[in-house]
Amino acid sequence: MRAPIVVACSLFFSCAFSQVSIGHRFGLASTRWIADGSNKEYTELYNSSQHDLLGVALEIPLDVRVLRYGRISTGLAFIQKGTSYESKGNFYRHNYLQIPFYLGPEFNYHRFAVSPQIGVGYGEYVRGEYHYNYDDQTPQGVLLLGRADDTGYLLTSPTHEWSLLGRLNLTYHVQRSRLELSLGYQHGLNNVMYGNVEFVDPNGNVAEPLTARQRSFVVQIGYSLELFCRIQKTTTFPVDSASRNAEVPEEEPRVRIGQRFGGTTSSIAFNGSLREENTRINDGAERLLATATAVVVSIRLGERLFFQPELAYSQKGWRCQWYPRPTTGNDLLRMNYAELPLLAKYLFGKAKLRPFAIVGPTVSMGVGGVDRYGLAGTWNGGFYEALPVVFGAQEGTTKYELFDLSGVVGGGLAFRSGEGELFIDVRYQHSFTDFYPERNHFLYSESAEAYHRNWILSVGYLVPWRK
């Protein structure tokens with residue numbers, strides 16, 4: 001019984017869907033809150049103080065062509081929304097994992113295509129931050145924001161958001177891949193105002209609770225790579241058995257260029273001269289989840305051997321506080337690096353889906369970060385300060401070594417589609433440089449060493465580079 005169903009479904013998809021593609025997009029979202037309440041004077045005052053907040057917008061899109069001119073698009077997205085107010089660096093930032101669903105026509109003009117789309121999106125809130133300044137002289141602080149069912153947070157936000165979506169996709173076709181520019185708008189339907197905050201109007205009276213919806217403009221660039229096409233009818237000719245069994249080798253393009261994006265889980269190998277401090281810090285540490293992305297160049301050196309330099313951005317660190325006091329759950333050190341991996345890549349086999357191995361050194365330069373710590377005894381550890389990470393030898397600051405040398409080893413799977421390639425890889429990055437100088441005054445130990453230990457999971461693509 002199952003066989004006819006499978007055959008029928010296969011025939012339906014072969015006839016209805018002429019192309020399925022996957023890729024990823026990266027860009028920015030500009031968002032502000034539009035508030036509403038019974039006190040119109042206070043509502044207008046609140047809205048007039050709002051400014052657009054810039055956040056990151058990432059997406060792994062899955063795109064299906066329906067019949068001849070229609071497109072259905074979905075995928076998995078990460079987007080930062082929120083609002084900024086006044087002029088002193090005060091803002092709320094919300095992080096969402098979002099599942100969008102779009103549909104619309106596509107109009108093709110030679111290599112170019114235009115696709116207006118509308119749809120809906122569901123976003124799951126994964127916490128955020130409130131940045132504040134009391135005045136122009138006070139250093140900025142950070143207050144962590146929880147979900148509605150979280151405890152230990154001064155402010156909490158609803159756990160999800162539904163949005164109406166609209167966008168315009170502009171596409172340029174390069175063989176079986178597409179370069180894309182996406183211009184979108186998201187109209188939030190849920191109230192994102194915090195339910196555990198009491199508002200006071202300009203006259204000092206307690207105001208009726210406000211409601212607020214988020215309005216976002218999104219700009220993204222990216223790519224997509226075709227996974228399969230509808231089977232076309234072809235004319236067959238008789239061939240002898242020798243010709244039928246002979247392999248026709250497919251030569252790899254000389255140079256490919258592309259991008260990878262993924263997540264990292266990192267820790268620090270710390271060793272202090274005082275045993276009790278060494279134990280306290282290491283036992284109180286947890287791994288840090290962060291992001292990594294890179295522009296990738298693949299140069300063919302042989303039939304299966306490639307040289308793969310990358311220009312990468314990676315976040316490293318851990319969840320731990322090095323001050324001489326007990327750690328708290330949301331303390332973290334996040335260090336941002338610009339990196340230059342110089343990798344050798346070896347592909348196994350000649351099939352369309354092939355495993356590969358990578359190995360090589362990486363040179364990194366620190367470009368910022370944040371050292372975030374909770375103020376002991378304040379709001380159950382829900383109130384957090386943040387200091388910028390400083391690299392180099394400036395006196396009187398919390399400073400770390402500017403350069404880091406590490407080695408990378410890993411592997412993955414590559415799927416060849418025409419002359420393009422989709423890949424997924426996992427790599428381990430082992431630092432050889434002590435980034436924590438002895439002159440740092442935050443430790444009791446007279447000497448200490450700290451080295452990054454980083455795992456990276458990435459998805460990416462490569463397309464031929466042609467003059």
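Biologist: Over how many bridges do strand β7 and strand β10 pair?

Modeller: This is a predicted model. In it, strand β7 covers residues 112–132 and strand β10 covers residues 160–174. One bridge sets tyrosine 122 opposite its partner in β10, tryptophan 162. The two strands run in the antiparallel sense, and their pairing extends over 13 bridges.

Biologist: Which residue takes a positive phi in the hairpin of β10 and β11?

Modeller: Strand β11, residues 177–188, pairs with β10 in the antiparallel sense over twelve bridges. Within this pairing, threonine 171 stands opposite glutamate 180 of β11. Two residues lie between the strands of the hairpin, and the positive phi, near 55 degrees, belongs to glutamine 175.

Biologist: Is glycine 366 buried or exposed?

Modeller: Glycine 366 lies in strand β17, which spans residues 353–374. Beyond four places away in sequence, glycine 366 touches Asn336, Tyr337, Phe391 and Leu402. Its relative accessible area is 10%. Because a residue under 20% falls in that class, glycine 366 is buried.

Biologist: What distance separates the C-alpha atoms of glycine 366 and phenylalanine 435?

Modeller: Along the chain, glycine 366 and phenylalanine 435 are 69 residues apart. In the model, the separation of their C-alpha atoms is 9.9 Å.

Biologist: What percentage of the contacts with a separation of 6 or more is due to residues 24 or more positions apart?

Modeller: The protein chain has four helices and 23 strands. Of its 467 residues, 47% count as buried. Among the contacts with a separation of 6 or more, the share from residues 24 or more positions apart is 69%.

Methods: Residues numbered from 1 in each chain as written. Predicted model: local features only at pLDDT ≥ 70, side-chain atom pairs only at ≥ 80, totals over all residues. Heavy atoms only, no water. Buried < 20%, exposed > 50% of the residue type's maximum accessible area, 1.4 Å probe, protein only. Contact = heavy atoms within 4.5 Å. Pairing = 2+ DSSP bridges.
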